[in-house]
Amino acid sequence: MQRIVVLAGGIGGARFLRGLRSAAPDAEITVVGNTGDDIHLFGLKVCPDLDTVMYTLGGGIHEGQGWGRAGETFTVKEELAAYGVGPEWFGLGDRDFATHIVRTQMIAAGYPLSAVTEALCARWQPGVRLLPMTDDRVETHVLIDDPEAQGEEGGRKAVHFQEYWVRLRASVDAHAVVPVGAEAAKPAPGVLEAVAASDVVLFPPSNPVVSVGTILAVPGIREAIADAGVPVVGLSPIVGDAPVRGMADKVLSAVGVETTAAAVAAHYGSGLLDGWLVDTVDADTVGAVEDAGIRCRAVPLMMSDEQATAEMAREALRLAEEVRA
Ligand code: GDP
Ligand code: CA
């Protein structure tokens with residue numbers, strides 16, 4: 001049986017996983033999920049990326065939106081707002097609230113996030129093993145200009161990633177992206193074991209900085225992947241020099257990486273990445289990626305439906321076999 005490990009963020013990761021699951025129905029798929037986006041709201045622990053993967057693969061996702069629950073209502077949020085209790089910029093629906101209540105209750109009872117995630121998945125049956133990258137607290141912060149604090153060179157402040165992404169809609173420049181706590185975090189139980197036992201490691205078209213980059217920032221994970229001696233293949237989230245959705249260009253600039261499929265491949269580097277898929281519109285960059293020591297193919301990379309996404313997954317697995325040979 002083929003054992004596949006996937007490092008996933010939210011929407012891009014989850015949609016790719018749905019295609020992978022249908023392309024490789026007999027494979028054992030372990031997903032290492034990003035928890036740098038996690039945030040405490042209303043006293044509850046919210047794990048947006050883990051939940052997006054769980055709801056998408058479990059059939060509970062709001063399809064059009066890509067995050068949150070289908071058929072959602074917002075009574076709790078409205079009632080909180082009536083008390084003047086925010087934040088109002090983060091969309092938490094009634095159904096979604098239940099997930100966060102269960103999670104927070106279990107954590108308060110002493111269960112690690114990995115055990116809580118397993119318990120939540122017992123309901124959703126995602127068909128993959130979903131592991132948080134770590135049980136420790138990691139919080140991605142983004143450094144932005146602070147107009148209130150005018151120093152000599154202009155003041156700056158760090159905000160939580162969700163505040164940058166959701167409240168500010170990445171409308172201001174990011175000067176740095178810091179996964180606070182990552183350097184002291186340990187991979188969650190099962191993560192290093194799954195990587196060591198894998199036949200192939202895939203990077204879905206997730207955000208290279210705040211999704212895959214955050215997972216790789218947990219000491220031991222990058223090393224385990226490089227040392228596993230198995231093909232590592234990624235799919236570009238950048239198509240035609242722009243993110244397919246979202247504002248990944250903002251956080252790529254913050255780490256000095258151009259918003260091109262080739263630059264993202266070079267950012268991961270040939271020490272980590274063996275193969276890279278770019279979209280057919282970026283076919284002219286295949287040579288540059290290969291010159292950097294990464295096998296590259298141009299194939300359609302738009303996850304327009306499950307069939308198109310499954311074909312992307314097949315191409316990634318094909319490229320993995322090619323670099324293995
Ligand atoms: P997030 O945590 O919800 O932001 O999701 P991810 O980090 O997993 O994925 C976000 C990335 O997915 C963005 O940078 C998008 O460019 C990329 N993305 C979304 N849809 C598609 C698609 O259809 N094709 C490709 N190639 N990338 C996509
Ligand atoms: Ca995310």
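Which residues are the protein donors of the calcium ion (ligand 2)? They're D37 and D49, and their donor atoms lie 2.0 to 2.5 Å from the ion. Keep in mind that this is a predicted model. Besides the calcium ion, we'll look at ligand 1, which sits in the largest pocket.

**The calcium site**

- D37 is listed once as a donor (OD), while D49 is listed twice (OD and OD).
- These two residues link distant parts of the chain, sitting 12 residues apart.
- You'll find D37 in the loop between β2 (28-33) and β3 (39-41), whereas D49 belongs to helix α2 (residues 48-58).
- Are they buried or exposed? D37 has a relative accessible area of 6%, so it counts as buried, and D49 is buried too, at 7%.

**Around ligand 1**

- A shell of 20 residues surrounds ligand 1, and the closest are P205, S206, S211, P237 and L301.
- Helix α1 (residues 11-23) gives the most to that shell, chipping in three residues.

**Polar contacts with ligand 1**

- S206 has a polar side-chain atom 2.6 Å from an oxygen atom of ligand 1.
- L301 uses its backbone instead: an N or O atom there lies 2.7 Å from a nitrogen atom of ligand 1.
- D49 shows up again here, with a polar side-chain atom 3.2 Å from an oxygen atom of ligand 1.
- How much of ligand 1 does the protein cover? On its own, ligand 1 has 600 Å² of accessible area, and the protein covers 91% of that.

Conventions. Residues numbered from 1 in each chain as written. Chains lettered and ligands numbered in written order. Predicted model: local features only at pLDDT ≥ 70, side-chain atom pairs only at ≥ 80, totals over all residues. Heavy atoms only, no water. Donors = N, O, S within 2.8 Å, 3.2 Å for Na, K, Ca; no water. Helix = DSSP H or I, 4+ residues; strand = E, 2+ residues; numbered from the N terminus. Buried < 20%, exposed > 50% of the residue type's maximum accessible area, 1.4 Å probe, protein only. Near = heavy atom within 4 Å. Polar contact = N/O pair within 3.5 Å; in protein donor to acceptor, adjacent residues only side chain to side chain. Areas by Shrake-Rupley, 256 points an atom, 1.4 Å probe, with all protein chains shown as cover. 1 Å grid on protein atoms, 1.4 Å probe; cavity = no way out; pocket = protein on both sides within 12 Å on 5 of 7 lines; lining within 4 Å. Sits in = over half its atoms within 2 Å of the grid points.
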